[in-house]
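These exercises ask you to read a protein model step by step. Try each task before reading its solution.

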Amino acid sequence: MTEQKIFAQPGESAWMPTPDGNRRRVLLHTDELMLVEFGFDKGGVGALHSHPHVQGSYVAEGRFEVTIDGRTETIETGGSFIVPSNLVHGVKALEAGRLVDSFTPHRTDFLA
């Protein structure tokens, strides 16, 4: 049986390009939960989409226009938001920044 990774140190995970021109790195994951960091340049867009995973997001750096189910708010460093399962959501980076997202259950599409 493989031991489950439960700690991550800065720089351990490699950045991967996303289809919408940003970048992400999976920090940690179990079958039940996943932490992923996303990096955006100013003006970068996380296109509107939905998925069955519940998502919690923390703005680690920057300022983002966040749209969830047709409602839009500006969230800045230190702010956060939750996306319930299957709601359409997306972001626009108003300045360069980073989001740390949690997903339950984990996103198998991010592990491929």
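**Exercise 1. Is K5 buried, partly exposed or exposed, and why?**

Solution. The model is predicted: local features need pLDDT of at least 70, side-chain atom pairs count only at pLDDT 80 or more, and totals for chains, interfaces and linings use all residues. Residues are numbered from 1 along each chain as its sequence is written, and side-chain values use heavy atoms, with hydrogens and water left out.

Step 1. Take the classes: buried means under 20% relative accessible area, exposed over 50%, and partly exposed in between, with a 1.4 Å probe and protein chains only.
Step 2. K5 counts as partly exposed because its relative accessibility is 44%.
Step 3. E12 is also partly exposed, at 43%.

**Exercise 2. Which residue forms a salt bridge with K5?**

Solution. Step 1. Recall the general idea: side chains of opposite charge can pair when their charged atoms come close.
Step 2. Apply the cut-off: a salt bridge is a side-chain nitrogen of Lys or Arg within 4 Å of a carboxyl oxygen of Asp or Glu.
Step 3. The partner of K5 is E12, with 2.8 Å from N to O.
Step 4. Counting by this rule gives eight salt bridges.

**Exercise 3. Where in the chain do D41 and R23 lie, and how many residues apart are they?**

Solution. Step 1. Establish the pair: D41 and R23 form a salt bridge, and their closest N and O atoms are 3.7 Å apart.
Step 2. Place both residues: D41 is in the loop between β3 (34–40) and β4 (45–49), while R23 is in strand β2 (residues 23–29), so the pair, 18 residues apart, links distant parts of the chain. Helices (H or I, at least four residues) and strands (E, at least two) are DSSP runs, numbered from the N terminus.
Step 3. Check the accessibility: D41 has a relative accessible area of 48% and is partly exposed; R23, at 29%, is partly exposed as well.
Step 4. Look for a network: salt bridges also link R25, E37, E61 and R98.

**Exercise 4. Is R107 buried or exposed, and which residues does R107 contact?**

Solution. Step 1. Locate R107 in the segment after β10.
Step 2. R107 is buried because its relative accessible area is 9%.
Step 3. Find its salt bridge: R107 pairs with D109, the closest N and O atoms being 2.6 Å apart. D109 is partly exposed, at 40%.
Step 4. List the contacts (heavy atoms within 4.5 Å): leaving aside neighbours within four places in sequence, R107 touches M34, H51 and H53.
Step 5. Look for a polar contact, which is a pair of N or O atoms within 3.5 Å; within protein, one must be able to donate a hydrogen and the other to accept it, and residues adjacent in sequence count only if both atoms are side-chain atoms. The side chains of R107 and H51 make one, at 3.5 Å.

**Exercise 5. In what order do the six strands of the open sheet lie?**

Solution. Step 1. Recall that strands of a sheet pair through backbone hydrogen bonds, either parallel or antiparallel.
Step 2. Read the order: β1-β2-β3-β10-β5-β8, with antiparallel pairing. Two strands pair if DSSP finds at least two bridges between them.
Step 3. Find the edges: β1 (16–17) and β8 (80–83) each pair on one side only.
Step 4. Follow the pairs. β1 and β2 are joined antiparallel over two bridges, and M16 stands opposite R24 of β2. In their hairpin, which has five residues between the strands, G21 takes a positive phi near 90°.
Step 5. β2 and β3 pair antiparallel over six bridges, with H29 bridging to M34 in β3. Four residues separate these two strands in a hairpin.

**Exercise 6. Where is T30, and which residues does T30 touch?**

Solution. Step 1. T30 sits in the loop between β2 and β3.
Step 2. Not counting residues up to four places away in sequence, T30 touches Q4 and H106.
Step 3. Within the loop region, a polar atom of the T30 side chain lies 3.1 Å from the backbone nitrogen of E32.
Step 4. Compare sequence and space: T30 and P52 are 22 residues apart in sequence and 17 Å apart from C-alpha to C-alpha.
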